[in-house]
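Below is a colleague's note on this structure, set out as numbered points. Please read it alongside the sequence and the coordinates.

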Amino acid sequence: MTPSSDRRHLLHRMEEAQRQTQRQLDMIDRQITRRMTALIPSLGRKQSGYRRGKPPEPGAFLERYRARLAALTAERQPEIDALARKLARQDHAIEALRQRLGVDRDGRPADRREHTGPTMDHHHAGPASVLRPESGLSILR
């Protein structure tokens, strides 16, 4: 293999490793969502109704939901943080290699005059997430 094709192969492997890391983060997000969905019926049972003429507190369910979500997320937070740091490092390394190869995200030759430095665009477009609230609206907000 030529040095250029070796680097392109390396770039491909790095991008695949990055996709795998993102899949792991997404899997954690889905696991937390599944656990919260299973807990919703038990969170709603604590309503007292109109006991002694007092109406139920409207924000109580949401408060219990948020507290439980925070507890579940806190259990997985070390793993989430480690994967997020790994994803940021991978983004930076891939961008640096793309710069050296002179290609953009689609693998086409990049115009070097417009490019001023590595970008840290690791906020992936997609649905809002419990783990990545910056990607859209989240239940934690």
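1. A salt bridge is taken here as a side-chain nitrogen of Lys or Arg within 4 Å of a carboxyl oxygen of Asp or Glu. The side chains of Arg-76 and Glu-79 satisfy this, with an N to O distance of 3.1 Å. Both residues belong to helix H2 and sit three residues apart, about one turn of the helix. Glu-79 counts as partly exposed because its relative accessible area is 37%.

2. The model is predicted. Its chain has two helices and zero strands. Helix H1 covers residues 3-44, and helix H2 covers residues 60-101. Of the 141 residues in the chain, 26% are buried. The accessible surface of the chain is about 10,000 Å², and carbon and sulfur atoms account for 54% of that surface.

3. Helix H2 has a kink of about 55 degrees at Arg-76, shortly before the proline Pro-78. The kink residue is thus also a partner in the salt bridge with Glu-79. Just after H2, Gly-102 has a positive phi of about 75 degrees.

4. How are contacts distributed along the sequence? Among contacts between residues at least 6 apart in sequence, 61% join residues at least 24 apart. Gln-18 gives a local view of such pairing: Gln-18 lies in helix H1 and touches Leu-87, Gln-90, Asp-91 and Ile-94, leaving aside residues up to four places away in sequence. Gln-18 is classed as buried because its relative accessible area is 13%, under the 20% cut-off.

5. The largest nonpolar core has twelve residues, including Leu-25, Ile-28, Ile-32, Met-36, Tyr-65, Leu-72, Ile-80 and Leu-87. H1 and H2 are the elements that give two or more residues to this core. Apart from it lies another core, of six residues, among them Leu-11, Met-14, Ile-94 and Val-103. In soluble globular proteins, nonpolar side chains tend to be buried together. Two of the residues touched by Gln-18 are Leu-87 and Ile-94; Leu-87 is in the twelve-residue core, while Ile-94 is in the six-residue core.

6. How many salt bridges are there by the rule in point 1? The count comes to six. One of them joins Glu-75 and Arg-35, whose closest N and O atoms are 3.4 Å apart. Glu-75 lies in helix H2 and Arg-35 in helix H1, so this pair ties together parts that are 40 residues apart in sequence. Glu-75 is exposed, with a relative accessible area of 51%, whereas Arg-35 is partly exposed at 43%.

7. Is the pair Glu-95 and Arg-98 buried or exposed? Both residues are buried. Their side chains meet in a salt bridge with an N to O distance of 3.9 Å, and the two residues lie in helix H2, three residues apart, about one turn of the helix. For Glu-95, the buried label follows because its relative accessibility is 8%. Glu-15, Glu-95 and Arg-98 are linked in a network of salt bridges. Side chains of opposite charge can pair when their charged atoms come close.

8. A further distance concerns Glu-95. The C-alpha atoms of Glu-95 and Arg-105 are 8.5 Å apart, with their positions ten residues apart along the chain counted as a separation.

Key
Residues numbered from 1 in each chain as written. Predicted model: local features only at pLDDT ≥ 70, side-chain atom pairs only at ≥ 80, totals over all residues. Heavy atoms only, no water. Bend = angle between axes of the 7 residues up to and from the residue. Helix = DSSP H or I, 4+ residues; strand = E, 2+ residues; numbered from the N terminus. Buried < 20%, exposed > 50% of the residue type's maximum accessible area, 1.4 Å probe, protein only. Contact = heavy atoms within 4.5 Å. Areas by Shrake-Rupley, 256 points an atom, 1.4 Å probe, with all protein chains shown as cover. Core = buried A, V, L, I, M, F, W, Y, C linked by side-chain atoms within 4.5 Å.
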